[in-house]
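User: I am new to reading protein models and would like to practise on one. Could we go through it together with questions and answers?

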Amino acid sequence: MERLGILLVEIFVFTFATIAGGCAYFERGENFGETGSELVVCQFNMRYYKKDDGHILKTKDSYGKTIEKTDGTQTWEKRSPLIKKFFAYHDIDICGSQELYKNQIDSMRDMPDYGISGIPSIPSREAAGLPNHNNVIFYKKSRLQLLDSGTFWFSETPESESKGWGAAYPRNCNWGKFLDKKTGKFFYYFNMHFHHIGESVQWESAKLLVKKIEEISEGLPFFASGDLNSDPYSRAIKEIKSSGFMFDAKEISKKPPYGPDFTDNYGYTGKKSKWIDWIFVSKSVEIEKFAVFAENIGEVWLSDHFPLLVSAKIK
C-alpha cells in the first residue's frame, strides 16, 4: 500500500511537470541561486523586438517569389515574462544582455531589484527615436553597487560612436565597475556584441577588447560576456584565449558543464547550431559551475540564443 502511494505521487509529479513546463529541450538543471559568496553571472542575447516574431515560414508573394515570414509564436510579449521568471528562479546577480530595443528595456524595469547600465550601440539613432540595439548590464542592486561605467566602440576610434574595419553598423562594449556588498570585493564587468558579418571585423574587435580590458580593469577581477558571433575555432576567440589573462568560463568550470554544445537558436528551432556566446573571466575568478539553458515553456523559447549561467567566486 505504501509503495502504491509513492507510485501515485510520482505519476502526479511527472504529469504536472509535463503539463506546466511545456516542452523543455534539455532538462532544467539545478537552481543557480547563491548559496554563499558566489555570484550568479549570466550572458544572454535576448533578441531584438519584432512585432510578429516567431518560427520562420517560407511562402510566396503575389509575384510567386519565395519570401520568409514569422508566425508570431515567439513575440517579446510572450518571451519577456519567462525571462523575468528565469532571473528570479536562478537569483541572477548580474547579466550582460544584447540586442534589446528601448521599449524592451523599459518593459524590464518592473524588476525593482535590478539596476540597468549601458548606452545604445548607436546613440544618435536612439536619440532620433529609431529602433536600436542596446547591450545593457542588469545588476542586482541589493547585492552590487555600480561605482563607475563607460563605453568603447569596436573601431579605429573607440572613444566615440563609430564603426570600424568595414563593419556595416557600429558595435560597442559597455562596462561597469562594481562593489560586491556581500563580500566587499571589487570587479569589472564588460558586456559586448561583435558585428555579425566579417571574420576580420570580429578579429579586430577581439584585439581591441583584449587591449581595452587590460587598460580599464586596473588589475582587478573581471567578467567579459557577449554574443561574439564567433565560434571556438575563429581567429577572434583564439585571439582572446591567447591573451594570457582572459579565460573561458566553460573550460575552467569545476563541475562538468551542463547543457548543449551550441548557443545559437536562430529561428527558435532548438536544432543544433553554433556556439557564439561567451563568458570570459580573469585568473582571480573561480567558476564553480557553468550551464547553457536550452528550454522552452509552453512551446515558447526565452530567445533565439540560449542564456549562459555561471556560479563564480572572486578569490
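**A guided look at the model**

Analyst: Happy to! The protein exposes about 14800 Å², and carbon and sulfur atoms supply 56% of that area. Please keep in mind that this is a predicted model.

User: How many helices and strands are in the protein?

Analyst: Helices and strands are numbered from the N terminus, which gives us handy labels such as α5 and β7. Counting them up for the protein gives six helices and 16 strands.

User: What percentage of the residues count as buried?

Analyst: A residue is called buried when its relative accessible area is under 20%. The protein has 315 residues, and the share that counts as buried is 50%.

User: Of the contacts with a separation of 6 or more, what percentage comes from residues 24 or more positions apart?

Analyst: Here we look at contacts in the protein with a separation of 6 or more. Residues 24 or more positions apart account for a share of 73%.

User: Which strands are the edge strands of the open sheet of six strands?

Analyst: The order of this open sheet is β7-β8-β9-β10-β12-β11, with mixed pairing. An edge strand here pairs on one side only. That description fits β7 (144–153) and β11 (247–248).

User: In that sheet, which residue of β12 stands opposite Asp227?

Analyst: Strand β10 covers residues 222–227 and strand β12 covers residues 277–281. The two pair in the antiparallel sense over five bridges. Opposite Asp227 in β12 stands Asp277.

User: Helix α5 lies across some of these strands; at what angle does it run to β7?

Analyst: Helix α5 (residues 199–216) lies across β7, β8 (172–180), β9 (185–193) and β10. What covers the buried residues of α5 includes these four strands and also α6 (235–241). Relative to β7, α5 runs at about 140 degrees.

User: Why does the length of α5 agree with what is expected of a helix, and how far apart are its end C-alpha atoms?

Analyst: The helix has 18 residues, and at 1.5 Å a residue these should span 26 Å. The distance in the model agrees with this, because the end C-alpha atoms are 25 Å apart.

User: Which element gives the most residues to the largest nonpolar core?

Analyst: In soluble globular proteins, nonpolar side chains tend to be buried together. The largest nonpolar core here has 50 residues, and Phe190, Leu209 and Phe223 touch the most other members. With six residues, the element that gives the most to this core is α5.

User: Apart from that core lies another one; how many residues does it have?

Analyst: Among the members of this other core are Phe44, Met46, Ile83 and Leu309. Its size is 23 residues.

User: Is strand β4 largely enclosed or open, and how many of its residues are buried?

Analyst: In a regular strand the side chains alternate between the two faces of the sheet. In β4, Ile94, Gly96 and Gln98 point one way and Cys95 and Ser97 the other way, and all are buried. Strand β4 (residues 94–98) is therefore largely enclosed by the rest of the structure, the number of buried residues being five of the five.

User: Which residue of β6 stands opposite Ile94 of β4?

Analyst: β4 has strand β1 (residues 39–45) as a parallel partner, joined through five bridges, and there Phe44 has Ser97 of β4 as its bridge partner. Three bridges join β4 to strand β6 (residues 137–140), and these two run antiparallel. Opposite Ile94 in β6 stands Tyr139.

User: Which residue with a positive phi follows helix α2?

Analyst: Helix α2 covers residues 76–90, and its buried residues include Trp76, Leu82, Ile83 and Phe86. The residue that follows α2 has a positive phi, near 55 degrees, and is Asp91.

User: Is Trp165 buried, partly exposed or exposed?

Analyst: Trp165 has its place in the loop between β7 and β8. Its phi is near 60 degrees, a positive value in a residue other than glycine. At 24% relative accessibility, Trp165 counts as partly exposed.

User: How far apart in space are Leu147 and Leu179?

Analyst: Leu147 is in strand β7. Leaving out residues up to four places away in sequence, Leu147 touches Lys177, Phe178, Leu179 and Phe186. Leu147 and Leu179 are 32 residues apart in sequence, while in space, C-alpha to C-alpha, they are 7.0 Å apart.

Technical notes: Residues numbered from 1 in each chain as written. Predicted model: local features only at pLDDT ≥ 70, side-chain atom pairs only at ≥ 80, totals over all residues. Heavy atoms only, no water. Pairing = 2+ DSSP bridges. Contact = heavy atoms within 4.5 Å. Axes fitted to C-alpha atoms, helices over the stretch in contact; angles between N-to-C directions. Expected span 1.5 Å × (residues − 1). Buried < 20%, exposed > 50% of the residue type's maximum accessible area, 1.4 Å probe, protein only. Areas by Shrake-Rupley, 256 points an atom, 1.4 Å probe, with all protein chains shown as cover. Core = buried A, V, L, I, M, F, W, Y, C linked by side-chain atoms within 4.5 Å.
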